[in-house]
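Trainee: Could you take me through the salt bridges in this protein, one pair at a time? I would like to see where the charged partners sit and what surrounds them.

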Amino acid sequence: MFPDDLATGGVPGGRPAHGATSDAPGDATAGYDGLFRDDDLIRMIGREGFLIAAGGAASLLQTAHPKVAQGVFDHSYTAEDPFGRLRGTMQWVYAVGFGTRTEAERLSRIVRGMHDRVTGPGYRANDPELQVWVAATLFATAVHAYELLFRRLSDDERAAYYEQTKIYATILGCPYAMMPATYSDFRAYYARTLASLRISDASRAVARQVLHPRLRGGALNEPGLAAIRLITAGLMPEPIRRQYGWRWDRARRARFHLLMSALRLVYPRLPLRVRTFPRDHYLKDLRRRMPKNV
(Lines give C-alpha, C1' and ligand atoms only; values in the text may rest on other atoms or scores of the structure.)
Protein backbone atom coordinates (compact mmCIF):
# COMPACT_ATOMS: atom_id res chain seq x y z
CA MET A 1 0.00 0.00 0.00
CA PHE A 2 1.41 3.35 -1.05
CA PRO A 3 1.46 5.78 1.89
CA ASP A 4 -2.13 6.73 2.69
CA ASP A 5 -1.55 10.45 2.31
CA LEU A 6 -0.47 9.90 -1.30
CA ALA A 7 -3.05 7.29 -2.20
CA THR A 8 -5.73 9.88 -1.40
CA GLY A 9 -5.04 12.52 -2.75
CA GLY A 10 14.32 18.31 -13.60
CA VAL A 11 14.30 17.66 -17.02
CA PRO A 12 13.21 14.61 -19.04
CA GLY A 13 16.69 13.18 -19.35
CA GLY A 14 17.80 13.65 -15.76
CA ARG A 15 20.97 15.46 -14.68
CA PRO A 16 24.41 14.68 -16.07
CA ALA A 17 26.59 12.85 -13.62
CA HIS A 18 29.66 15.08 -14.08
CA GLY A 19 32.17 12.58 -12.79
CA ALA A 20 29.90 10.73 -10.41
CA THR A 21 31.55 9.01 -7.51
CA SER A 22 30.88 5.44 -6.43
CA ASP A 23 28.79 4.25 -3.50
CA ALA A 24 31.35 1.74 -2.31
CA PRO A 25 34.76 0.42 -3.33
CA GLY A 26 34.51 -1.74 -6.41
CA ASP A 27 30.82 -1.14 -7.09
CA ALA A 28 29.46 -1.46 -10.60
CA THR A 29 28.79 2.29 -11.00
CA ALA A 30 32.33 3.49 -10.27
CA GLY A 31 33.64 5.83 -12.94
CA TYR A 32 30.44 5.80 -15.01
CA ASP A 33 28.88 9.07 -16.16
CA GLY A 34 25.16 8.52 -16.36
CA LEU A 35 21.90 10.41 -16.38
CA PHE A 36 22.04 11.11 -12.64
CA ARG A 37 24.47 11.94 -9.86
CA ASP A 38 25.11 9.80 -6.82
CA ASP A 39 23.37 12.30 -4.54
CA ASP A 40 20.18 12.21 -6.62
CA LEU A 41 17.36 10.43 -4.83
CA ILE A 42 16.78 8.10 -7.75
CA ARG A 43 20.19 6.64 -6.87
CA MET A 44 20.06 6.99 -3.09
CA ILE A 45 16.76 5.10 -3.02
CA GLY A 46 17.16 2.93 -6.10
CA ARG A 47 20.43 1.37 -4.93
CA GLU A 48 18.67 -0.46 -2.09
CA GLY A 49 18.38 -4.17 -2.83
CA PHE A 50 15.24 -4.46 -0.71
CA LEU A 51 13.33 -2.80 -3.53
CA ILE A 52 13.53 -6.09 -5.40
CA ALA A 53 11.43 -7.67 -2.65
CA ALA A 54 8.96 -4.83 -3.15
CA GLY A 55 8.95 -5.42 -6.89
CA GLY A 56 6.00 -7.80 -6.73
CA ALA A 57 3.81 -4.98 -5.46
CA ALA A 58 4.97 -2.64 -8.25
CA SER A 59 4.48 -5.34 -10.88
CA LEU A 60 0.98 -6.30 -9.75
CA LEU A 61 0.01 -2.67 -9.30
CA GLN A 62 0.99 -2.19 -12.94
CA THR A 63 -1.08 -5.17 -14.05
CA ALA A 64 -4.05 -3.96 -12.02
CA HIS A 65 -4.50 -1.83 -15.13
CA PRO A 66 -6.39 -4.18 -17.45
CA LYS A 67 -4.52 -3.07 -20.59
CA VAL A 68 -1.14 -3.69 -18.97
CA ALA A 69 -2.38 -7.00 -17.61
CA GLN A 70 -3.58 -8.24 -20.99
CA GLY A 71 -0.30 -7.32 -22.64
CA VAL A 72 1.70 -9.11 -19.95
CA PHE A 73 -0.59 -12.15 -20.03
CA ASP A 74 -0.44 -12.43 -23.82
CA HIS A 75 3.25 -11.75 -24.34
CA SER A 76 5.28 -12.18 -21.13
CA TYR A 77 7.43 -15.19 -20.25
CA THR A 78 6.96 -14.68 -16.49
CA ALA A 79 5.38 -18.09 -15.97
CA GLU A 80 8.10 -19.96 -17.85
CA ASP A 81 11.12 -18.01 -16.59
CA PRO A 82 10.34 -15.78 -13.59
CA PHE A 83 14.00 -15.14 -12.79
CA GLY A 84 14.72 -14.23 -16.39
CA ARG A 85 11.87 -11.75 -16.35
CA LEU A 86 13.14 -10.29 -13.07
CA ARG A 87 16.67 -10.00 -14.47
CA GLY A 88 15.48 -8.19 -17.59
CA THR A 89 13.37 -5.73 -15.62
CA MET A 90 16.03 -4.96 -13.02
CA GLN A 91 18.81 -4.58 -15.57
CA TRP A 92 16.77 -1.94 -17.37
CA VAL A 93 15.89 -0.13 -14.13
CA TYR A 94 19.52 -0.14 -13.00
CA ALA A 95 20.85 0.85 -16.42
CA VAL A 96 18.58 3.90 -16.46
CA GLY A 97 19.37 4.93 -12.91
CA PHE A 98 23.03 3.95 -12.63
CA GLY A 99 24.43 3.06 -16.04
CA THR A 100 26.11 5.35 -18.50
CA ARG A 101 23.94 7.53 -20.69
CA THR A 102 24.85 5.27 -23.61
CA GLU A 103 23.84 2.14 -21.69
CA ALA A 104 20.56 3.65 -20.54
CA GLU A 105 19.62 4.81 -24.03
CA ARG A 106 20.82 1.63 -25.74
CA LEU A 107 18.92 -0.73 -23.46
CA SER A 108 15.83 1.48 -23.56
CA ARG A 109 15.96 1.37 -27.36
CA ILE A 110 15.95 -2.44 -27.13
CA VAL A 111 13.01 -2.32 -24.71
CA ARG A 112 11.08 0.01 -27.03
CA GLY A 113 11.66 -2.41 -29.89
CA MET A 114 10.34 -5.30 -27.79
CA HIS A 115 7.33 -3.25 -26.75
CA ASP A 116 6.56 -2.45 -30.41
CA ARG A 117 5.62 -6.12 -30.76
CA VAL A 118 3.45 -6.17 -27.62
CA THR A 119 0.10 -5.27 -29.13
CA GLY A 120 -3.34 -6.78 -29.07
CA PRO A 121 -7.02 -5.92 -29.01
CA GLY A 122 -7.30 -2.63 -27.15
CA TYR A 123 -3.69 -2.34 -25.97
CA ARG A 124 -0.14 -1.58 -27.04
CA ALA A 125 2.83 -1.53 -24.69
CA ASN A 126 4.20 1.75 -26.05
CA ASP A 127 0.94 3.59 -25.30
CA PRO A 128 2.03 6.73 -23.37
CA GLU A 129 -0.93 6.33 -21.01
CA LEU A 130 0.39 2.94 -19.92
CA GLN A 131 3.97 4.21 -19.71
CA VAL A 132 2.83 6.95 -17.32
CA TRP A 133 1.10 4.37 -15.11
CA VAL A 134 4.09 2.01 -15.03
CA ALA A 135 6.43 4.85 -14.06
CA ALA A 136 3.94 5.94 -11.39
CA THR A 137 3.95 2.49 -9.79
CA LEU A 138 7.76 2.40 -9.68
CA PHE A 139 7.84 5.74 -7.88
CA ALA A 140 4.95 4.95 -5.53
CA THR A 141 6.17 1.53 -4.46
CA ALA A 142 9.78 2.65 -3.99
CA VAL A 143 8.73 5.57 -1.76
CA HIS A 144 6.56 3.33 0.40
CA ALA A 145 9.21 0.61 0.78
CA TYR A 146 12.02 3.08 1.47
CA GLU A 147 10.04 4.93 4.12
CA LEU A 148 9.15 1.70 5.88
CA LEU A 149 12.83 0.82 6.32
CA PHE A 150 14.56 4.18 6.62
CA ARG A 151 12.68 7.44 7.19
CA ARG A 152 9.85 9.53 5.86
CA LEU A 153 10.83 11.72 2.94
CA SER A 154 9.92 15.37 3.04
CA ASP A 155 7.49 16.72 0.46
CA ASP A 156 10.41 18.45 -1.26
CA GLU A 157 12.30 15.16 -1.42
CA ARG A 158 9.29 13.33 -2.77
CA ALA A 159 8.85 16.04 -5.39
CA ALA A 160 12.50 15.82 -6.43
CA TYR A 161 12.39 12.03 -6.55
CA TYR A 162 9.18 12.08 -8.57
CA GLU A 163 10.76 14.44 -11.09
CA GLN A 164 13.73 12.11 -11.48
CA THR A 165 11.61 8.96 -11.89
CA LYS A 166 9.77 10.49 -14.84
CA ILE A 167 12.74 9.10 -16.78
CA TYR A 168 11.23 5.60 -16.57
CA ALA A 169 8.50 6.76 -18.96
CA THR A 170 10.23 9.45 -21.01
CA ILE A 171 13.26 7.36 -21.97
CA LEU A 172 10.85 4.84 -23.52
CA GLY A 173 9.30 7.53 -25.68
CA CYS A 174 6.51 8.89 -23.50
CA PRO A 175 6.16 12.64 -24.13
CA TYR A 176 7.31 14.56 -21.09
CA ALA A 177 4.11 16.62 -21.17
CA MET A 178 2.06 13.44 -20.64
CA MET A 179 3.47 13.00 -17.14
CA PRO A 180 1.69 14.72 -14.23
CA ALA A 181 3.66 17.93 -14.09
CA THR A 182 4.26 18.29 -10.37
CA TYR A 183 4.26 16.07 -7.32
CA SER A 184 0.90 17.56 -6.35
CA ASP A 185 -0.43 16.68 -9.81
CA PHE A 186 0.95 13.18 -9.38
CA ARG A 187 -0.92 12.71 -6.11
CA ALA A 188 -4.19 13.64 -7.80
CA TYR A 189 -3.43 11.40 -10.80
CA TYR A 190 -2.47 8.46 -8.61
CA ALA A 191 -5.57 8.68 -6.41
CA ARG A 192 -7.81 9.10 -9.45
CA THR A 193 -6.27 6.13 -11.25
CA LEU A 194 -6.46 3.85 -8.21
CA ALA A 195 -10.14 4.68 -7.83
CA SER A 196 -10.82 3.90 -11.49
CA LEU A 197 -8.96 0.59 -11.84
CA ARG A 198 -10.98 -2.59 -12.17
CA ILE A 199 -8.70 -5.59 -12.32
CA SER A 200 -9.41 -8.27 -14.89
CA ASP A 201 -9.10 -12.02 -15.17
CA ALA A 202 -5.74 -11.39 -16.86
CA SER A 203 -4.68 -9.34 -13.82
CA ARG A 204 -5.49 -12.25 -11.52
CA ALA A 205 -3.75 -14.75 -13.77
CA VAL A 206 -0.55 -12.67 -13.82
CA ALA A 207 -0.75 -12.32 -10.02
CA ARG A 208 -0.83 -16.11 -9.69
CA GLN A 209 2.24 -16.38 -11.92
CA VAL A 210 4.13 -13.77 -9.91
CA LEU A 211 3.18 -14.92 -6.41
CA HIS A 212 3.13 -18.67 -7.04
CA PRO A 213 5.90 -19.25 -9.59
CA ARG A 214 6.96 -22.71 -10.66
CA LEU A 215 10.50 -22.93 -9.27
CA ARG A 216 12.98 -25.71 -8.85
CA GLY A 217 13.17 -26.82 -5.25
CA GLY A 218 9.43 -26.87 -4.64
CA ALA A 219 8.65 -26.63 -0.93
CA LEU A 220 12.16 -25.36 -0.16
CA ASN A 221 11.21 -22.04 -1.77
CA GLU A 222 7.97 -21.64 0.16
CA PRO A 223 9.26 -19.62 3.18
CA GLY A 224 10.82 -17.02 0.88
CA LEU A 225 7.78 -16.89 -1.37
CA ALA A 226 5.49 -16.53 1.65
CA ALA A 227 7.51 -13.50 2.76
CA ILE A 228 7.32 -11.99 -0.73
CA ARG A 229 3.55 -12.52 -0.81
CA LEU A 230 3.23 -10.83 2.58
CA ILE A 231 5.36 -7.86 1.49
CA THR A 232 3.43 -7.59 -1.77
CA ALA A 233 0.09 -7.54 0.01
CA GLY A 234 1.33 -5.09 2.63
CA LEU A 235 2.60 -2.61 0.03
CA MET A 236 -0.48 -2.84 -2.19
CA PRO A 237 -3.06 -0.02 -1.97
CA GLU A 238 -6.15 -1.26 -0.19
CA PRO A 239 -8.61 -0.85 -3.10
CA ILE A 240 -6.42 -3.00 -5.36
CA ARG A 241 -5.56 -5.53 -2.65
CA ARG A 242 -9.28 -5.99 -2.04
CA GLN A 243 -9.96 -6.52 -5.74
CA TYR A 244 -7.25 -9.17 -5.93
CA GLY A 245 -9.05 -10.91 -3.09
CA TRP A 246 -6.01 -11.22 -0.84
CA ARG A 247 -6.68 -11.88 2.82
CA TRP A 248 -5.71 -8.91 5.00
CA ASP A 249 -7.06 -9.54 8.45
CA ARG A 250 -5.63 -8.41 11.78
CA ALA A 251 -3.25 -11.37 12.03
CA ARG A 252 -1.83 -10.84 8.55
CA ARG A 253 -1.39 -7.11 9.13
CA ALA A 254 0.42 -7.89 12.38
CA ARG A 255 2.79 -10.30 10.61
CA PHE A 256 3.56 -7.66 7.97
CA HIS A 257 4.31 -4.98 10.56
CA LEU A 258 6.44 -7.42 12.57
CA LEU A 259 8.44 -8.31 9.47
CA MET A 260 8.93 -4.65 8.55
CA SER A 261 9.96 -3.81 12.12
CA ALA A 262 12.58 -6.55 12.07
CA LEU A 263 13.89 -5.45 8.70
CA ARG A 264 13.98 -1.82 9.85
CA LEU A 265 16.25 -2.86 12.72
CA VAL A 266 18.58 -4.97 10.61
CA TYR A 267 18.59 -3.90 6.97
CA PRO A 268 19.81 -0.26 7.24
CA ARG A 269 22.74 -1.47 9.40
CA LEU A 270 24.01 -3.88 6.76
CA PRO A 271 27.15 -2.77 4.91
CA LEU A 272 26.29 -0.69 1.86
CA ARG A 273 28.06 -3.15 -0.44
CA VAL A 274 25.66 -5.85 0.79
CA ARG A 275 22.57 -3.68 0.26
CA THR A 276 23.71 -2.71 -3.25
CA PHE A 277 24.82 -6.21 -4.28
CA PRO A 278 21.76 -6.83 -6.52
CA ARG A 279 22.40 -3.61 -8.42
CA ASP A 280 26.10 -4.35 -8.87
CA HIS A 281 25.42 -7.96 -9.90
CA TYR A 282 22.78 -7.07 -12.48
CA LEU A 283 24.83 -4.23 -13.97
CA LYS A 284 27.93 -6.40 -14.32
CA ASP A 285 25.88 -9.14 -15.93
CA LEU A 286 24.27 -6.60 -18.27
CA ARG A 287 27.65 -5.30 -19.38
CA ARG A 288 28.76 -8.81 -20.21
CA ARG A 289 25.61 -9.56 -22.18
CA MET A 290 24.66 -6.31 -23.90
CA PRO A 291 25.28 -6.19 -27.65
CA LYS A 292 28.05 -3.72 -28.41
CA ASN A 293 26.64 -2.31 -31.61
CA VAL A 294 22.94 -1.81 -30.96
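Mentor: Happy to; here is a walk through the salt bridges, followed by a short look at the nonpolar parts around them. Please keep in mind that this is a predicted model. The count comes to 16 salt bridges, and we can look closely at three of the pairs.

Let's start with E147 and R158, whose side chains meet in a salt bridge at 2.9 Å, N to O. E147 lies in helix α8 and R158 in helix α9 (residues 155-165), so this pair ties together parts that are 11 residues apart in sequence. Are these two partners buried or exposed? With the cut-off for buried at under 20% relative accessible area, E147 counts as buried because its relative accessibility is 14%. R158 is buried too, at 0%.

Next come R47 and E48, where the closest N and O atoms of the salt bridge are 3.6 Å apart. E48 has 3% relative accessibility and so counts as buried, and R47, at 12%, is likewise buried. The pair also belongs to a network of salt bridges that links R47, E48 and R275.

The third pair, D201 and R204, again has its closest N and O atoms 3.6 Å apart. Both residues sit in helix α12 (residues 201-211), with their positions 3 residues apart, about one turn of the helix. Here D201 is exposed, with a relative accessible area of 62%, whereas R204 is partly exposed at 31%.

R204 also leads us towards the nonpolar interior, since R204 is one of the residues that Y244 touches. Other contacts of Y244 include L60, I199, A207 and M236. Y244 itself is, along with W92 and I240, among the residues with the most contacts inside the largest nonpolar core, which has 74 residues. Helix α8 (residues 128-149) gives the most to this core, with 13 residues; that is the helix in which we met E147. In soluble globular proteins, nonpolar side chains tend to be buried together.

For contrast, have a look at the surface, where L265, V266, L270 and V274 form a nonpolar patch with about 340 Å² of accessible area together. L265 belongs to helix α15 (residues 250-266) and is exposed, with a relative accessible area of 57%.

Key:
Residues numbered from 1 in each chain as written. Predicted model: local features only at pLDDT ≥ 70, side-chain atom pairs only at ≥ 80, totals over all residues. Heavy atoms only, no water. Core = buried A, V, L, I, M, F, W, Y, C linked by side-chain atoms within 4.5 Å. Buried < 20%, exposed > 50% of the residue type's maximum accessible area, 1.4 Å probe, protein only. Helix = DSSP H or I, 4+ residues; strand = E, 2+ residues; numbered from the N terminus. Contact = heavy atoms within 4.5 Å. Patch = residues over 30% accessible without salt bridge, like charges linked within 9 Å, V, L, I, M, F, W, Y side chains within 5 Å. Areas by Shrake-Rupley, 256 points an atom, 1.4 Å probe, with all protein chains shown as cover. Salt bridge = Lys/Arg side-chain N within 4 Å of Asp/Glu carboxyl O. Lists of a residue's contacts leave out its neighbours within four places in sequence.
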